[in-house]
Amino acid sequence: MTRAAFEALDQADELARLRDLFSLPPGVIYLDGNSLGALPKATAARVQDLVNRQWGVDLIRSWNTHDWIGAAARIGDKIAPLIGAAPGEVIVADSTSVNLFKLVCGALALRPGRRTILTEPGNFPTDLYILQGIEAWLGDQVQLRTMPRGALADAIDADTAAVVLTHVHYKTAERWPMAEITALAHRHGALAVWDLSHSAGALAIDLNAANADLALGCGYKYLNGGPGAPSFAFVAARWQDQLASPLSGWMGHAEPFVFDDDYRPAPGIRRQLCGTPGMLGLTALEAGIDLFADLDMAAVEAKGLALGEAFIALAEARLGAWGLELASPKAADRRGSHVSLRHPEGYAIMQALIARGVIGDFRAPDILRFGMTPLYLRFTDIWDAFEILRTVLETGEYLQPRFSKRAAVT
Ligand SMILES: *Cc1c(COP(=O)(O)O)cnc(C)c1O
């Protein structure tokens, strides 16, 4: 393996031109786009137009004249082809945590008499906390059950109301076989709810081919919507008129501007709206989503996995001696678009890398996480990041006390 070989991979990369659509600071190799996507160059002007012209000049008229009122559904329709959904099956609203709450509560109501929500231990914390909250709130009607990956399929039974899983695991990048698990859930009469936070915008997801019922995901990771960008929710067409939202706000009303005293849910996906959409966040998210307009998601997935493959090849060739261990599956079809390594001093190593401009992140207790974002990473970035990792390890630089100080966000 040589740097020249990695340069050749860059030259053959059909997605290489996309890097120029992002504003990336010089001297930084950004391997954290799976946690906060990079800034698209178009975003600042779009937000500025929203603020100065649409808000500043056109004021409240913009809800109609600039179709603010249609933004949540419009952006949802732009996300739909990225995740194998049909038009009208996706809407942008709220946060991922809140959408999980809405969709799981809705799913439970569709399966009266069944008590179990099934998920895996070690799922993303907010997913577990929201499910624990639902369990606490609904008392005896609901029981949250966590089953490890290997035993989960066998645990789906006649009491299971919903199987709630994250498609790509945030720590290890392990990928659930979505179609298989969904089919199993259906065979037992349960619904399948998929969290796509770590796969939307990176993998060629096909929700409808998998016959998924409900899904949701994050706008600020691979979709590049900006910090805290709104989330998206998917409801398969067949469920839309049955699935109730527990957050029956006025934007999900059939006719919000009739100002009726009584809630009547909107038909279709719009029912999953709750309150007034935040246009600042939606505008930045739309700029991120628009970059995907003409992309073949199979090619996007293939590049992310190839970057991961290159990363793993370097890791296996060089890093055993430093006590680093691969924490992600080696097989590309079982992996998402990030690669994780394990080391007892993971936190300090990551801080030393960041000090040298290689930005990944750390997930307690020992995971160093590296995002392989297909839209703006080069194969040579992976090579160069490894050279820096090698320096940090060989010199013992990470042992400096300043790299052990924990910040609030890791
Ligand atoms: C990033 C992520 C979230 C984030 O939820 P927020 O409500 O946006 O904080 C939730 N679930 C998973 C699996 C994630 O990866």
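Arg-335 is buried, at 0% relative accessibility. This residue belongs to a predicted model, and its partner in a salt bridge is Glu-309, with 3.4 Å between N and O. The two partners sit in separate parts of the chain: Glu-309 is in helix α10, while Arg-335 is in the loop between β11 (325-326) and β12, 26 residues apart. Unlike the buried Arg-335, Glu-309 is partly exposed, with 41% relative accessibility.

## Two domains and their contact

Helix α10 also matters for the description of the domains. The chain is divided into domain 1, made of residues 3-30 and 296-404, and domain 2, made of residues 46-290. Domain 1 contributes 27 residues to the contact, and domain 2 contributes 16 residues. Between the C-alpha centres of domain 1 and domain 2 the distance is 30 Å.

The size of an interface is often given as the accessible area lost when the parts come together. For domain 1 and domain 2, the buried area is about 1,700 Å². Carbon and sulfur atoms give 54% of that area. On the side of domain 1, Met-297, Glu-301 and His-338 supply 33% of the area buried against domain 2, more than any other three residues.

Which side chains form a salt bridge at 3.7 Å, N to O? They are those of Arg-175 and Glu-301. Between domain 1 and domain 2 the count is one salt bridge. The count of residue pairs in polar contact between domain 1 and domain 2 is 15, with both residues at pLDDT 80 or more.

Three elements give two or more residues to the side of domain 1 that touches domain 2: α10 (297-318), β12 (338-342) and β15 (367-371). Of these, α10 gives the most, with five residues. By class, this side of domain 1 has 15 nonpolar residues, six polar residues and six charged residues.

## Salt bridges in the structure

How many salt bridges does a search of the whole structure find? It finds 28 salt bridges. Some of them are set out below.

| Salt bridge | N to O distance |
|---|---|
| Arg-46 and Asp-290 | 2.8 Å |
| Arg-53 and Asp-49 | 2.6 Å |
| Glu-309 and Arg-335 | 3.4 Å |
| Arg-175 and Glu-301 | 3.7 Å |

The salt bridge of Arg-46 with Asp-290 links distant parts of the chain. Arg-46 is in helix α2 (residues 43-55) and Asp-290 is in helix α9 (residues 279-290), with their positions 244 residues apart in the numbering. Arg-46 is partly exposed at 29% relative accessibility, and Asp-290 is partly exposed too, with a relative accessible area of 26%. Both residues belong to a network of salt bridges that links Arg-46, Asp-67, Arg-74, Lys-78, Glu-286 and Asp-290.

The salt bridge of Arg-53 and Asp-49 lies within one helix. Because Arg-53 and Asp-49 are four residues apart in helix α2, about one helical turn separates them. Arg-53 has a relative accessible area of 40% and is partly exposed. Asp-49 is likewise partly exposed, with a relative accessible area of 25%.

## Two buried residues

Is Ala-236 buried or exposed? Ala-236 counts as buried because its relative accessibility is 0%, and buried means under 20%. Ala-236 lies in the loop between β10 (231-235) and α9. Apart from neighbours within four places in sequence, Ala-236 is in contact with Glu-89, Ala-212 and Asp-213. Gly-150 is 86 residues from Ala-236 in sequence and 28 Å from Ala-236 in space, C-alpha to C-alpha.

Leu-368 is placed in strand β15, one of the elements on the side of domain 1 that touches domain 2. Leu-368 is buried, with a relative accessible area of 1%. What does Leu-368 touch, not counting residues up to four places away in sequence? The residues in question are Leu-324, Val-339, Ser-340, Leu-341, His-343, Gly-346, Ile-349, Met-350 and Asp-361. Trp-68 is 300 residues from Leu-368 in sequence, and the C-alpha atoms of Leu-368 and Trp-68 are 40 Å apart in space.

Technical notes. Residues are numbered from 1 along each chain as its sequence is written. This is a predicted model: local features need pLDDT of at least 70, side-chain atom pairs count only at pLDDT 80 or more; totals for chains, interfaces and linings use all residues. Side-chain values use heavy atoms; hydrogens and water are left out. Domain bounds come from an automatic or database domain assignment. Contact means heavy atoms within 4.5 Å. Buried area is the accessible area (1.4 Å probe) that two parts lose on being put together, summed over both. A salt bridge is a side-chain nitrogen of Lys or Arg within 4 Å of a carboxyl oxygen of Asp or Glu. A polar contact is a pair of N or O atoms within 3.5 Å; within protein, one must be able to donate a hydrogen and the other to accept it, and residues adjacent in sequence count only if both atoms are side-chain atoms. Ala, Val, Leu, Ile, Met, Phe, Trp, Tyr, Cys and Pro count as nonpolar, Asp, Glu, Lys and Arg as charged, and the others, Gly among them, as polar. Buried means under 20% relative accessible area, exposed over 50%, partly exposed in between (1.4 Å probe, protein chains only).
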